[in-house]
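I opened a fresh page today to jot down what I looked up in this structure. Here is the model I had on screen.

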Amino acid sequence: MPFWERALAAVLPSVRGVLPPGSEILEVGYGDGILTCYLATELGWQVTGHDISAGAAATARHHAEGLHLGDKVVLNIGNPFLREPEEGRYDGAFVKTVLYCAEDDGQYARWLRWIARNIRQGGFLVNFETGRSGRLTRAYRRLRRRSYADGRLFTGAVRSLYDECFETAGEWYFGGWSQFFAPLPPLYRLCAGLEERMRARTADNCFLAALVLRRRATAVIAP
């Protein structure tokens, strides 16, 4: 899908620069495992993933086995936030559209701290997060009865929660209404360009936020 291709193309150069091949990565929410396999094959990462869905785990393992990634990918089942963190074990963490499901700022902050505790000091978090976006998108989510419509979607206020544990290495914001045209790539590219010229994307009006963050070396992270 061109929307995600655009986001990945913007972020990957920075990610490659800070998390080279051989990096040990914690992945929270691997889903069908296709992106997990990409991270292992294209970026050369050693990935340990967690997902709450047994069905997702079966699909993800099928994909990993098909690519013979048994030595590079470990897929666990269960809520990772209920596990004891492996203090400083990982070079980085990769999260895609998970934290926005938090019920409130307190839960969001606790999840962030759990992730940070798993990352070594100076390591990196790569996070793609679902933004609150504009009125049209919010109305669409409620019409479609999306379970996360009233969750703690990404905003400028949520962005500030990251500052306790992380400092910014890079951040990008995409989409407000252009993502509705993603199934039609030429039209999507036109709409995305128009959207950016009409109003810059920010943490408060984006459909997708992409963050590359460095764990603060001086941060004392409480549970």
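**Entry 1: the cavity.** I began with the lining of the largest cavity, where α1 is the biggest contributor with 4 residues. A word of caution to myself: this is a predicted model. How many cavities of 30 Å³ or more does the whole structure hold? My search turned up 2. The largest of them encloses about 50 Å³ of space. I noted its lining residues as L8, V11, L12, V15, L35, Y38, L39, L43, F94 and F128. Besides α1, helix α2 (34-42) also supplies at least two residues of that lining.

**Entry 2: the sheet.** F94 sent me on to the strands, since I had met this residue in the cavity lining. I found an open sheet of 7 strands with mixed pairing, in the order β3-β2-β1-β4-β5-β7-β6. Which strands stand at the edges? They are β3 (73-77) and β6 (166-174); each has a single partner strand, so one side of each is left without a neighbour in the sheet. From one strand to the next, the twist averages 15°.

**Entry 3: β4 and its partners.** I then followed β4 (residues 90-96), which runs parallel to β1 and is joined to that strand by 4 bridges. Reading the pairs across, I saw L26 bridged to A93 of β4, and E27 bridged to F94. On to β5: this strand is also parallel to β4, with 6 bridges between the two. One of the pairs I wrote down is Y90 with I119 in β5. Is β4 mostly covered or mostly open? It is mostly covered, as 6 of its 7 residues are buried.

**Entry 4: a helix on the sheet.** Next I checked α4 (residues 105-118), which packs on the sheet. I listed its contacts as β1, β4, β5 (119-130), β6 and β7 (208-215). The direction of α4 makes about 140° with that of β5.

**Entry 5: S23.** Last, I went to a single residue in a loop. S23 is found between α1 (2-18) and β1 (24-28). Why do I call S23 buried? Its relative accessible area is 6%, and the cut-off for buried is under 20%, so S23 qualifies. A polar atom of the S23 side chain lies 2.7 Å from the backbone oxygen of P20. Leaving aside residues up to four places away in sequence, I found S23 touching G44, W45, Q46 and D91. D91 took me back to β4, the strand of residues 90-96.

Note on methods. Residues numbered from 1 in each chain as written. Predicted model: local features only at pLDDT ≥ 70, side-chain atom pairs only at ≥ 80, totals over all residues. Heavy atoms only, no water. Buried < 20%, exposed > 50% of the residue type's maximum accessible area, 1.4 Å probe, protein only. Polar contact = N/O pair within 3.5 Å; in protein donor to acceptor, adjacent residues only side chain to side chain. Contact = heavy atoms within 4.5 Å. Pairing = 2+ DSSP bridges. Axes fitted to C-alpha atoms, helices over the stretch in contact; angles between N-to-C directions. 1 Å grid on protein atoms, 1.4 Å probe; cavity = no way out; pocket = protein on both sides within 12 Å on 5 of 7 lines; lining within 4 Å. Points joined across faces, edges and corners; volume = space filled by probe spheres on them.
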